[in-house]
Amino acid sequence: MPRPILATIHTAALQHNLARARQAAQDAKLWCVVKANAYGHGIEQVFDGMRAADGFALLEPSEAQRIRDLGWRGPILLLEGVFDARDLELCSRLNLWHTVHCDQQIDWLAAHKTQQPHRVFLKMNSGMNRLGFTAERYRSAWARLNALPQVDEISFITHFSDADTAKGIGAALALFTQTTVDLPGERSICNSAALLRHPDMSASERGDWVRGGILLYGSAPDYPLQTADDWGLQPTMTLSAKVIGVQELQPGDTVGYGSAFTADKPMRIGVVACGYADGYPRHCGNGTPVLVDGQRSRLIGRVSMDMVTVDLTDIPQAGWGSEVTLWGRAANGSVLAIDEVAHAAGTVGYELMCAVAPRVPVVVDGH
C-alpha cells in the first residue's frame, strides 16, 4: 500500500473562485494565472475547473504547450515574455501573446522572421522595480514596437507592488494611466489583491483584462488583514495524511528532535505520515493548527522529514488511521485555511501550495 498522504484538488472550488473573480472583474476579461504549475496544483489538474477563463497567463513556454495540448485554443500570455530569441518561434507556432519588458526582447522581435505578427503586452515598471520600462522610457519603447512589422497589436500591462497593503495602488495607477492615456490598445492592470481590495475602481482603471492569481486558489491575497472566508473564497487544495502511530505520554515526556515539546499532563499523541520532505513547512511550531477527523487540534514537537506529531488528547475517538488535514477541507466539511498554516510558519499560502513535493500523490475530486 502507498504511504497514506494525499493532495486533493477541488474542481468545484476552482469554479466557485473563478466565478468570484468574474464578479469582481465586472466587464473585464479574466486571465487565469497558472504559473508555477498552477501554483503547485498541476496545470492538468486545474484545467477543468478553469475552462470558463478568457485566457491563461503563465511563465514557461513549456507550460503554454501543455495548455494547448489540453485543447485550449484561446489566448495564452507569457507574463515575463520570452527568455531567448528562439522562444519567438514557439510563440508563432502556438499563437502565444507575450510580455515585452526590456530592450533585448524588442531586439529579438526586430530580428524575428514570421509570417504572422505577434500580439505583445508592453510592461511598465510603475514602482515594483522588477521588470518593465520606467514611465520615462515607456513611450519610446512603444514607438519601437509600433514600428516593427513583426508586431501586430500592442497592449499595456503593469503590476502593483502594494495592492495588498495600506499604501495601495493610487500612485502606481495614476502613473500608468497618465503615461498610456492616448495610446491605443487593451490594458491589463489588476492582480488578485487590486481586484478584491479596490472594488470602486472605474472600468477604465480596472482595465480590459484582470489577472486572477492567488484568489483562484482559495487564498486571501492580504491575509491576515482579510481571510479567504471574508472574500468568499473556497480552498482548492487539501493536504491530508493519516495517523500511523499513537503514543501515550506522561508529564515530563518529550516529543521529537530537540525535545521541542514537553508534556505537562498525561497525553495521547498521533504520529502522522507527513513531513517537510512532503512540502509541509519545517518552521511550523508547537500549536500550529491541524484537523484530526475534522476536529481542530494542534501540532506538537518539531516537524521532521517524514512525520509530524499531533495532539489527540481531547479527541478520544481518534487513533491509528485517523484522517489529519494539514490544510484544506476535511471529510466532514471542516476547513483549515492554508493561510493560517502559512502564517504559523512565517510565510504565505502561495509558498505552501507551490512546495508540495512530487512524492505526494495528487487526485482531483471533481466535486
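Two strands count as paired if DSSP finds at least two bridges between them. In this predicted model, strand E10 (residues 237-249) and strand E17 (residues 323-329) meet that condition, with four bridges in the antiparallel sense. One point to look for is Ala241, whose bridge partner in E17 is Val324.

E10 is a useful place to start, as other strands can be followed from it. Strand E1 (residues 5-9) also pairs with E10, over five bridges and again in the antiparallel sense. Within that pairing, Ala7 stands opposite Leu239 in E10. Strand E13 (residues 267-272) is another antiparallel partner of E10, and six bridges join the two. Here Leu249 of E10 has Met267 of E13 as its bridge partner. In a regular strand, side chains alternate between the two faces of the sheet.

The loop that leads from strand E9 (209-212) to E10 contains Pro224. The peptide bond from Tyr223 to Pro224 is cis, and its omega is near 10°. Most peptide bonds are trans, and most residues other than glycine have a negative phi. Asn37 is a residue other than glycine with a positive phi, near 55°. Asn37 is part of helix H2.

A further set of strands begins with E14 (residues 289-292), which runs antiparallel to E15 (residues 295-300) and is joined to it by four bridges. Leu291 is paired with Arg296 of E15 as its bridge partner. E14 and E15 form a hairpin with two residues between them. In the turn of this hairpin, Asp293 has a positive phi of about 50°. On from the hairpin, E15 is joined by two bridges to strand E16 (residues 308-311), and these strands also run antiparallel. Leu299 stands opposite Val310 in E16.

Turn now to a pair of helices. Two packed helices are described by the angle between their axes and the distance between the axes. For helix H6 (residues 103-111) and helix H7 (residues 135-146), the axes come within 10 Å and cross at roughly 10°. Angles under 35 degrees count as roughly parallel, and H6 is therefore roughly parallel to H7. H6 makes the contact through Asp103, Ile106, Asp107 and Leu109, while H7 brings Arg137, Ala141, Arg144 and Leu145. Four of the residues in this contact are nonpolar and four are charged, with no polar ones.

The last feature is empty space. Rolling a probe the size of a water molecule over the atoms shows where such space is left. The largest pocket has a volume of about 870 Å³. Which residues lie nearest its centre? They are Lys35, Tyr39, His159, Asn191 and Tyr350, out of 41 residues that line the pocket. Several elements give two or more residues to the lining: among the helices are H2 (35-39), H9 (192-197), H11 (338-344) and H12 (349-355). Strands E6 (118-124) and E7 (151-158) do so as well. H2 is also the helix in which Asn37 lies. By class, the lining of the largest pocket is made up of 21 nonpolar, 12 polar and eight charged residues.

Terms used:
Residues numbered from 1 in each chain as written. Predicted model: local features only at pLDDT ≥ 70, side-chain atom pairs only at ≥ 80, totals over all residues. Heavy atoms only, no water. Axes fitted to C-alpha atoms, helices over the stretch in contact; angles between N-to-C directions. Parallel < 35°, antiparallel > 145°, perpendicular 65-115°, else oblique. Contact = heavy atoms within 4.5 Å. Nonpolar A, V, L, I, M, F, W, Y, C, P; charged D, E, K, R; others polar. 1 Å grid on protein atoms, 1.4 Å probe; cavity = no way out; pocket = protein on both sides within 12 Å on 5 of 7 lines; lining within 4 Å. Points joined across faces, edges and corners; volume = space filled by probe spheres on them.
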